[in-house]
Amino acid sequence: QVQLVESGGGLVQAGGSLRLSCTASGRTFSIYAMGWFRQAPGKEREFVAAITWSGGRTYYADADSVKGRRTISRDNAQNTVYLQMNSLKPEDTAVYYCEAQRIDRGNYYSHGQYDYWGQGTKVTVSS
């Protein structure tokens, strides 16, 4: 089993930045990739970004709503993945979830392809 704990969420004004962190514990050697998703009230969970654990390949959502405003990175020694978010907008308000895949399924964009996820960290962007 892998446990994921997110942190770094909070209240920020529009135009500001936040860096979210996700620390993995347990059988971390089994992680192939990690991703960030978000879910706004009344909406489906939405892919934001993903990174492979060993090679560091990154994948981002193409949606204009997030494109170019976030960077995913990892620190293998700390078993931590980060999501840097800049130029935040009120529509970025959501609970952000960290998720992990055990094997390479060739699809990093769908919540259903992940095996583990954390409890989420709430991000609120005020206008």
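**Exercises on a predicted all-strand chain**

With 127 residues, a compact globule would have a radius of gyration (over C-alpha atoms; rule 2.2 Å times the number of residues to the power 0.38) near 14 Å, and the chain agrees, at 14 Å. The model is predicted, so local features need pLDDT of at least 70 and side-chain atom pairs pLDDT 80 or more, while totals for chains, interfaces and linings use all residues. Residues are numbered from 1 along each chain as its sequence is written, and side-chain values use heavy atoms, leaving out hydrogens and water.

**Exercise 1.** Determine how many helices and strands the chain has.

*Solution.* Helices (H or I, at least four residues) and strands (E, at least two) are DSSP runs, numbered from the N terminus. The chain has 0 helices and 11 strands.

**Exercise 2.** Establish which residue forms a salt bridge with Glu99, and where the two partners lie.

*Solution.* Step 1: a salt bridge requires a side-chain nitrogen of Lys or Arg within 4 Å of a carboxyl oxygen of Asp or Glu. Step 2: Arg45 is the partner of Glu99, with the closest N and O atoms 2.8 Å apart. Step 3: Glu99 lies in strand 9 (residues 94-101) and Arg45 in the loop between strand 4 (33-39) and strand 5 (46-52), so the pair ties together parts 54 residues apart in sequence. Step 4: Glu99 is buried at 0% relative accessible area, whereas Arg45, at 24%, is partly exposed; buried means under 20%, exposed over 50%, partly exposed in between (1.4 Å probe, protein chains only).
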